[in-house]
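Visitor: Hello! I am new to protein structures and would like to learn how to read one. Could you take me through it, feature by feature?

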Amino acid sequence: MEIEKAYFTLPEILDRWSMPEADLIYLAENDKLRLSVRVFGLPLEFGDHEMTDDGRRYNVPVERKHFSGLMDLNARDAFRLFRCGELFVTEFRTPKADYASLWDDAEPVLFNVGDLLLRREERDRFEAKSGFCGARAEAAQPTFHASSDYHNVRCRGREFRL
């Protein structure tokens, strides 16, 4: 029985795609694949970047809360994590805002390579965009899928937007 997961470990992805770990590392380090980590009760500030008249960037906080869930790593942090095996992280990327960073004098969080995850949405995005899927994924996925309004159609690993 296969359960519907929101995220996958890297060994699961490597098995699905039948690819060497070095290729997955390459994709993450070059920002072609966004890796995530699971956090619990982390004090995070979400906000946007604004520019001053003289071109300097500054942060504008939008929300502060204790967050539990998946947070995405910046490509530079994925690079350093794979190189060192572990890394203290203070900032994350998020679709909610321009930035997400620790606040309230929170200590940086230590992650190791075993903590890395891939969201289901990111896996599906990468597979649809690249047309790539390993032997197991090809057999498991239907050859044709369309959104309810048929604006997005996927056929044999290729995606069409109508």
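Guide: Gladly! Let us begin with a definition: two strands are said to pair if DSSP finds at least two bridges between them. Here, in what is a predicted model, strands S5 and S6 meet that rule, pairing in the antiparallel sense over three bridges.

Visitor: How many residues lie between S5 and S6 in their hairpin?

Guide: Two residues separate S5 and S6 in that hairpin. You can also look across the pairing: Phe92 stands opposite Ala100 in S6. Keep Phe92 in mind, as we will return to this residue.

Visitor: Which strand does S2 pair with, and over how many bridges?

Guide: S2 covers residues 36–51, and its partner is S3, residues 57–72. The two run antiparallel over 14 bridges. One facing position is Asp48, which stands opposite Val60 in S3. S2 and S3 also make a hairpin, this one with five residues between the strands. In its turn sits Gly55, whose phi is positive, at about 90°.

Visitor: Which residues other than glycine have a positive phi?

Guide: Ser18 is one of them, with a phi of about 50°. Look for Ser18 in the loop between H1 and H2. Asp105 is another non-glycine residue with a positive phi, near 55°, and its place is the loop between strand S6 (97–102) and S7. Just after H2 you can find Asp31, with a positive phi of about 60°.

Visitor: Are Ser18 and Asp105 buried or exposed?

Guide: To decide, we need a cut-off: a residue is buried under 20% relative accessible area and exposed over 50%. Ser18 has 54%, so Ser18 is exposed. Asp105 has 77% and therefore counts as exposed too.

Visitor: What part of the whole chain is buried?

Guide: Of the 162 residues, 38% count as buried. The accessible surface of the chain is about 10,300 Å², and carbon and sulfur atoms hold 50% of that surface.

Visitor: Now to helices. Why do residues three or four places apart in an α-helix point the same way?

Guide: The general idea is that an α-helix has 3.6 residues a turn, so residues three or four places apart point the same way. Now look at helix H2, residues 21–29, where Leu24, Ile25, Leu27, Ala28 and Glu29 are buried.

Visitor: What do the buried residues of H2 pack against?

Guide: They pack against three helices: H1 (10–17), H3 (75–84) and H4 (120–130). Helix H4 deserves another look, since it contains Arg123.

Visitor: Is Arg123 buried or exposed?

Guide: Use the cut-off again: with a relative accessible area of 7%, Arg123 is buried. Leaving aside residues up to four places away in sequence, Arg123 touches Phe8, Ile13, Arg16, Trp17 and Leu118.

Visitor: How many aromatic pairs does the structure hold?

Guide: There are three aromatic pairs. In one of them, the rings of Trp17 and Phe126 have centres 5.1 Å apart and planes at 40°, so this pair is tilted. Trp17 belongs to helix H1 and Phe126 to helix H4, and the pair links distant parts of the chain, 109 residues apart. Both Trp17 and Phe126 are buried.

Visitor: And what kind of pair do Phe92 and Phe111 form?

Guide: Phe92 and Phe111 form an edge-to-face pair, at 6.3 Å centre to centre and with 80° between the planes. Phe92 lies in strand S5 (residues 91–94) and Phe111 in strand S7 (residues 109–112), so the pair ties together parts that are 19 residues apart in sequence. By our cut-off, Phe92 is buried at a relative accessible area of 2%, and Phe111 counts as buried at 5%.

Visitor: To finish, what does the chain as a whole come to in secondary structure?

Guide: It comes to five helices and eleven strands. Its C-alpha atoms fill a box of roughly 50 × 40 × 30 Å along the principal axes. For contacts between residues at least 6 apart in sequence, 60% join residues at least 24 apart. As for charge, the chain has 24 positive and 30 negative side chains, and the centres of these two sets lie 5 Å apart.

Methods:
Residues numbered from 1 in each chain as written. Predicted model: local features only at pLDDT ≥ 70, side-chain atom pairs only at ≥ 80, totals over all residues. Heavy atoms only, no water. Helix = DSSP H or I, 4+ residues; strand = E, 2+ residues; numbered from the N terminus. Buried < 20%, exposed > 50% of the residue type's maximum accessible area, 1.4 Å probe, protein only. Contact = heavy atoms within 4.5 Å. Areas by Shrake-Rupley, 256 points an atom, 1.4 Å probe, with all protein chains shown as cover. Lys, Arg positive; Asp, Glu negative; His and termini not counted. Charge placed at Lys NZ, Arg CZ, Asp CG, Glu CD. Phe/Tyr/Trp six-rings, centres within 6.5 Å; stacked < 30°, edge-to-face > 60°.
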